[in-house]
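Here is a walk through one protein model. Start with the charged pairs, then step back to the whole fold.

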Amino acid sequence: MSTKLVVSFTGLELTNLNQVVSSRSIDEVVLVSTAQGINSFTAAQKSSITKARASLPASTTLSLALANESSIE
């Protein structure tokens, strides 16, 4: 069984993300957003994603999950 950490883009920018992942033995970090949100990432945000991936332990994967955009009102 693997341990996953689900974060928004803001959570991905946490300065202690690597410490949290290491101390909790997290196998996968899942970045969640909407399709619209993913398509509108700025160059700076894309760079932050790349930096976050590089800072994670080698055994930890970074995945992308698109939220279901349907809602009940």
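A salt bridge here is a side-chain nitrogen of Lys or Arg within 4 Å of a carboxyl oxygen of Asp or Glu. The model is predicted. By this rule, the count comes to 1 salt bridge.

Which residue forms a salt bridge with Glu-28? The partner is Lys-4. Their closest N and O atoms lie 3.4 Å apart. That value is within 4 Å, so the pair qualifies. The two residues are 24 apart in the sequence, and the pair links distant parts of the chain. Lys-4 sits in strand E1, residues 4-7. Glu-28 belongs to strand E2, residues 28-33. Side chains of opposite charge can pair when their charged atoms come close.

Now look at the cover on each partner. Is Glu-28 buried or exposed? Glu-28 has 16% relative accessibility. Buried means under 20%, so Glu-28 counts as buried. Lys-4 has 49% relative accessibility. Exposed means over 50%, so Lys-4 counts as partly exposed.

Step back to the fold. The protein has 4 helices and 3 strands. Read from the N terminus, the order of elements is β-α-α-β-α-α-β.

How do the contacts spread along the chain? Take those between residues at least 6 apart in sequence. Of these contacts, 70% join residues at least 24 apart.

Finish with the surface. The protein has 73 residues, and buried ones make up 26% of them. The exposed area is about 5,100 Å². Carbon and sulfur atoms supply 53% of that area.

Technical notes: Residues numbered from 1 in each chain as written. Predicted model: local features only at pLDDT ≥ 70, side-chain atom pairs only at ≥ 80, totals over all residues. Heavy atoms only, no water. Buried < 20%, exposed > 50% of the residue type's maximum accessible area, 1.4 Å probe, protein only. Contact = heavy atoms within 4.5 Å. Areas by Shrake-Rupley, 256 points an atom, 1.4 Å probe, with all protein chains shown as cover.
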